[in-house]
Amino acid sequence: MFPPRYHPLRLRHLAAFALAIGVALGGCATQEEWDRFWDSFKDKGEQPSANPPLASNSRAVQGTVGEYVTIDGLRMNHVRGFGLVVDLVDTGGVDGPEQVKDYITKEVRRTQEIGAPGETVDEILRGRDSAMVNVVGQIPAGAKKGDRFDLVVERMGSQSRSLVGGRLVLCDLKLFADTPSGVIEGKTLATGSGPVFVSPFDRAGLATSKVDLKVGFVLSGGIVKEPRRIRLVLNDPRYSIAQQIVSRLNGRYAKADPIADAKGASTIELTLPPEFNDRKRVFLERVMHTTLNEHPAMLERRAKELSDEITQEGAEFESIGLAWEAIGKAALPIVRQHYHSPKPEVAYYSGRTGLRLEDNDSVAVVGKHAREPNSAFRLQAIDELGYATALHGAGEQLRKLLDDADEDIRIRAYLALRRRTHPAIESKVMDRDNFVLDVVDSKGPFLIYVQRLVEPRIALFGNQMKCNPPAIFPGERKDGRRLLTQISAQRDDDHLTVIYRNKRTGINSPKLDAPLMVREFVKFLGDRFETDDEGRPTGLAVPYSEVVDILHALCKSGSIPGQFVVEEATAREEGADSKEREESEYD
């Protein structure tokens with residue numbers, strides 16, 4: 001389901017946030033158009049309009065909610081704010097629009113969240129240790145209060161040279177808009193804060209000296225304050241139909257509180273059940289394939305009709321699978337009959353249905369596709385196993401793939417397995433919010449995978465990965481970064497030598513011994529600064545971006561005998577305007 005480089009939530013390049021990116025599909029649509037619509041919504045972060053009506057001859061869409069409604073509220077809300085990045089130490093700047101400076105000054109005085117004791121607002125903004133920044137992000141469709149999303153920050157003015165090592169504070173986010181005063185007004189939809197990550201890699205994941213040090217990410221730095229609403233809009237407004245849909249959806253999907261609420265004859269507000277927080281598309285598609293008739297005899301007959309249809313030439317496998325899911329576990333006896341079909345499509349989609357309906361027998365069916373290198377459904381199968389967190393066997397299928405010969409499959413299996421607690425992945429948070437370190441129990445070749453969207457995270461494939469001297473960092477560098485660490489080791493050394501520079505005083509530490517085992521070395525670099533009984537540091541709190549830089553340099557030189565892979569930050573630079581109405585911050 002997800003294209004390579006692994007995560008469905010893609011943060012677009014800063015310039016793209018200024019556009020109303022969208023896909024406008026109107027009238028009846030083919031299944032291909034429907035798939036393309038959803039792919040743009042989920043995988044590329046594009047801005048879809050309300051969904052196209054389902055146009056199909058399949059029984060899977062006949063008599064369903066999708067025949068009566070379109071979905072509204074799927075576009076991502078562009079939000080923007082102005083904030084302050086601190087902890088820069090002489091790489092910041094004091095210039096920028098006066099209106100924004102006045103706004104930030106008021107916020108500093110109001111919140112009193114930053115600055116040393118006795119330090120005035122004027123002193124904070126007059127120094128070179130902070131910089132005013134423009135902050136943009138996108139609140140996903142269906143987001144709940146407290147959900148997190150990525151932010152992009154860009155310096156304002158011309159004096160700031162680098163945001164590396166900084167931390168964003170003081171940022172309210174409102175709907176993206178230009179105002180006469182230059183300061184965005186209206187209700188705050190989200191807030192932003194956190195460490196700034198300036199990647200040393202380009203968008204394809206390759207090391208480069210051309211990265212703009214004045215633009216960075218705050219991974220998961222946005223926090224939603226106002227939940228997003230998804231609405232079902234009746235094509236032919238009738239209160240009786242709206243009530244029938246509400247009754248059917250609440251009866252089928254609500255466990256405690258109702259998930260559907262009619263707001264009149266034309267609109268139904270939909271709340272995503274918590275178990276679908278990470279699978280909005282699956283839930284909405286299932287809703288659209290839910291029949292209004294809920295009589296058990298009718299549902300049994302429908303399941304059998306779909307069973308006959310899935311074996312026919314030109315069967316719409318996706319829709320049939322979703323229609324079975326909408327029926328629920330009552331359809332499983334019929335679905336199971338196709339688990340071992342000689343037709344790969346029939347076997348996979350019936351197995352996927354069983355997996356989503358938590359049928360243990362389906363794990364082996366989907367797992368077979370996940371293990372088969374030539375299966376057209378291999379990547380989808382891995383993702384589906386990852387979401388089947390209620391089935392223990394699904395985790396074991398993924399565990400085997402951590403040793404696969406294909407590097408991409410290993411990473412995909414790790415990302416899928418990470419959705420559950422599993423002994424094959426040991427996780428530790430470094431220095432509160434610096435980054436997460438995952439140590440993956442894998443017998444395959446050593447591999448380091450670095451995430452640079454959604455959250456700062458490093459995965460080490462192989463418990464026994466070890467640095468083999470000689471080693472040196474940074475070596476000759478020309479990218480203008482101000483680094484805090486120097487690392488070296490001579491051949492046959494039994495440790496790495498680290499010198500850490502205090503970025504505020506400029507004073508270098510004495511030579512510190514660091515372990516050769518990579519997992520312990522990363523903890524030493526990234527964890528909070530503390531000392532042992534003898535006064536020796538056990539952690540240096542080196543920023544995530546620099547830890548990533550160090551690991552890449554040591555892998556590239558061969559000191560760490562492992563492959564280094566960076567999550568690819570794909571981005572779409574241009575698109576058509578969406579015809580869906582932007583949600584008002586005053587609604």
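Where does serine 162 lie in this chain? Serine 162 lies in the loop between strand E5, which covers residues 148-155, and strand E6, which covers residues 167-169. The model described here is a predicted one, and every value below was computed from it.

## Serine 162 and its surroundings

Although serine 162 belongs to a loop, it counts as buried because its relative accessibility is 8%, and the cut-off for a buried residue is under 20%. If neighbours within four places in sequence are left aside, serine 162 is in contact with Leu88, Thr91, Leu213 and Lys214. A polar atom of the serine 162 side chain lies 3.1 Å from the backbone nitrogen of valine 164. Serine 162 and valine 89 are 73 residues apart in sequence, yet their C-alpha atoms are 9.9 Å apart in space.

## The chain as a whole

The protein chain has 587 residues, of which 55% count as buried, and its secondary structure comprises 15 helices and 25 strands. Among the contacts in the chain with a separation of 6 or more, 67% are made by residues 24 or more positions apart.

A search of the whole structure finds zero disulfides. Cysteine 555, for instance, is in no disulfide, and the nearest cysteine sulfur, which belongs to cysteine 467, is 8.9 Å away. Cysteine 555 is buried, with a relative accessible area of 10%, and cysteine 171 is buried as well, with a relative accessible area of 5%.

## Empty space inside and at the surface

Rolling a probe the size of a water molecule over the atoms shows where empty space is left. The structure holds six cavities of 30 Å³ or more, and the largest cavity has a volume of about 150 Å³. Of the 15 residues that line the largest cavity, the closest to its centre are Val164, Gly165, Arg482, Leu484 and Lys503. Val164 has already appeared above, as the residue whose backbone nitrogen lies 3.1 Å from a polar side-chain atom of serine 162.

The second largest pocket contains about 680 Å³ of space. This pocket is lined by 26 residues, and those nearest its centre are Glu275, Phe276, Arg286, Arg356 and Glu358. Helices H4 (239-253), H5 (280-288), H9 (344-356) and H11 (378-387) each supply at least two residues of this lining, with the largest share, three residues, coming from H11. The table sets out the two linings by residue class.

| Space | Nonpolar | Polar | Charged |
|---|---|---|---|
| Largest cavity | six residues | four residues | five residues |
| Second largest pocket | eleven residues | four residues | eleven residues |

## Helices H11, H9 and H13

Helix H11, which contributes to the lining of the second largest pocket, is mostly covered, since eight of its ten residues are buried. The buried residues of H11 are Arg378, Ala381, Ile382, Asp383, Glu384, Leu385, Gly386 and Tyr387, and they pack against H9, helix H10 (362-371), helix H12 (392-401) and H13.

Within helix H9 is the place of threonine 353, a buried residue with a relative accessible area of 0%. A polar atom of the threonine 353 side chain lies 2.8 Å from the backbone oxygen of tyrosine 349. In an α-helix there are 3.6 residues a turn, so residues three or four places apart point the same way. When residues up to four places away in sequence are not counted, threonine 353 touches Gly321, Trp324, Glu325 and Val335.

Helix H13, made up of residues 407-417, is mostly covered too, with nine of its eleven residues buried. These buried residues run from Ile409 through Arg410, Ile411, Arg412, Ala413, Tyr414, Leu415 and Ala416 to Leu417. The N-terminal end of H13 is capped by aspartate 406, which has a side-chain oxygen 2.9 Å from the backbone nitrogen of aspartate 408.

## An exposed loop residue

Is lysine 443 buried or exposed? Lysine 443 is exposed because its relative accessible area is 67%, and the cut-off for an exposed residue is over 50%. This lysine is found in the loop between strand E15 (435-440) and strand E16 (447-451). Leaving aside neighbours within four places in sequence, lysine 443 is in contact with Arg399 and Asp403. Lysine 443 and aspartate 404 are 39 residues apart in sequence, and the distance between their C-alpha atoms is 8.9 Å.

Key
Residues are numbered from 1 along each chain as its sequence is written. This is a predicted model: local features need pLDDT of at least 70, side-chain atom pairs count only at pLDDT 80 or more; totals for chains, interfaces and linings use all residues. Side-chain values use heavy atoms; hydrogens and water are left out. On a 1 Å grid over the protein atoms alone, a cavity is a set of points where a 1.4 Å probe fits but cannot get out, and a pocket is an open set with protein on both sides within 12 Å along at least five of seven lines; lining residues have an atom within 4 Å of a point. Grid points are joined across faces, edges and corners, and a volume is the space filled by probe spheres set on the points. Ala, Val, Leu, Ile, Met, Phe, Trp, Tyr, Cys and Pro count as nonpolar, Asp, Glu, Lys and Arg as charged, and the others, Gly among them, as polar. Buried means under 20% relative accessible area, exposed over 50%, partly exposed in between (1.4 Å probe, protein chains only). Helices (H or I, at least four residues) and strands (E, at least two) are DSSP runs, numbered from the N terminus. A polar contact is a pair of N or O atoms within 3.5 Å; within protein, one must be able to donate a hydrogen and the other to accept it, and residues adjacent in sequence count only if both atoms are side-chain atoms. A disulfide is a pair of cysteine sulfur atoms within 2.5 Å. Contact means heavy atoms within 4.5 Å.
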